[in-house]
Amino acid sequence: MTSRWIVGVDGSEPSVDALRWAAGHAASRGAELVAVSVFHVPAVMALFTAKRGLGVDELGLAATAGHELDVVIERVGASVPITPLVVEGATGPELVRAAGDADVLVVGQTAGGDERIPRLGSVARYCATHARVPAVVVPAGRSTHPVSRVVVGFDGSANAEAALRWALDFSPPEASVRVVCAIEVAPWLGERVTRERFPDEVTAEESALRARIDAIDTARRAEVMFVLDAPRRALEVTGRDADLIVVGARGRGLIAAGLLGSVSTSLLHGHVAVAIVPEPA
């Protein structure tokens, strides 16, 4: 079955890069692309026209947004068809709604100064925390970078398992996949001291995580790395040379508390594309 990808486009360069990234990866996966532009009526305009007994020209705003979207699609020059879609409303909720029956939602890391649309930085965060499908946040300038190194954050939760399955399915056959398991047995101690003082606890946790990973990655395609560190630092360090970091939308322990908080703040504003994968319903 052909997959369907939704891409948020607001005319800014980061959103153009996001569309290029999606087009480049959709071509080899047989995915259909839908570029979505969201417009809304500014409160000032609505108030101004209401006071004068005038109506807001929503058709005109929609036509302008549609024209700008067509220009962006032409600029991208993708080898796959891209279907334009213009909707009215709040950007984040509308993109999430459009992606409701899709397979992937792709957005740029930040947006330009178009006052009709909120900054895509906040939109990207909204999509990452609310989308029911994997949301990929593409940093500026990474649109043509191939995915050859993938890092997956894994804590044994159902969301982490979903993230690993998605990463293995999404990654090209030639790409390397590294699963990073951050273990915090005694976070106040260094790794060497922790292993010396708590060898049984560390071994038990590693064995449990390895079993969950092997149950998903039966071919043992992925390299597994156990790190005795906080999830945020572990992913930041191991993901520096990655082309894509994949994490679950929710997790366990500090992953649950910080993955879409402090961890996502650093990841989503970095130089690596990040995929946030929710647990399947």
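This passage goes through the confidence of a predicted model, one of its helices and a group of its aromatic rings.

Because this is a predicted model, local features are reported only at a pLDDT of at least 70 and side-chain atom pairs only at pLDDT 80 or more, while totals for chains, interfaces and linings use all residues. Residues are numbered from 1 along each chain as its sequence is written, and side-chain values use heavy atoms, with hydrogens and water left out.

Let's start with confidence. The pLDDT (the predictor's confidence in each residue, from 0 to 100) averages 81 over the chain, and 79% of the residues score at least 70. Helices (H or I, at least four residues) and strands (E, at least two) are DSSP runs, numbered from the N terminus. Confidence peaks in strand β1 (residues 4-8), with a mean of 95, and bottoms out in helix α10 (residues 254-258), with a mean of 39. Residues 44-56 have a pLDDT below 50, and beyond near neighbours in sequence this stretch makes nine contacts in the model (a contact means heavy atoms within 4.5 Å). Residues 111-120 are also below 50, but here the model shows 28 contacts beyond near neighbours in sequence.

Next comes helix α4 (residues 91-98). Six of its eight residues are buried, so the helix is largely enclosed by the rest of the structure. Buried means under 20% relative accessible area, exposed over 50%, and partly exposed in between (1.4 Å probe, protein chains only). The buried residues of α4 are T91, G92, E94, L95, V96 and A98.

Now for the rings. The structure holds three aromatic pairs. Rings of Phe, Tyr and Trp (its six-membered ring) pair if their centres lie within 6.5 Å; planes under 30 degrees apart count as stacked, over 60 as edge-to-face and the rest as tilted. W21 and F170 have ring centres 6.0 Å apart and planes at 10°, so this pair is stacked. It ties together distant parts of the chain, with W21 in helix α1 (residues 13-26) and F170 in helix α6 (residues 158-170), 149 residues apart.

F170 also stacks with W166, at 4.7 Å centre to centre and 10° between the planes. Both sit in helix α6, four residues apart, about one turn of the helix. W166 counts as buried because its relative accessibility is 13%, and F170 is buried at 6%. W5, W21, W166 and F170 form one aromatic cluster. On top of that, the charged end of R29 sits over the ring of F170, 4.0 Å from its centre (for a charge over a ring, NZ of Lys or CZ of Arg is within 6 Å of the ring centre and within 35 degrees of the ring normal).
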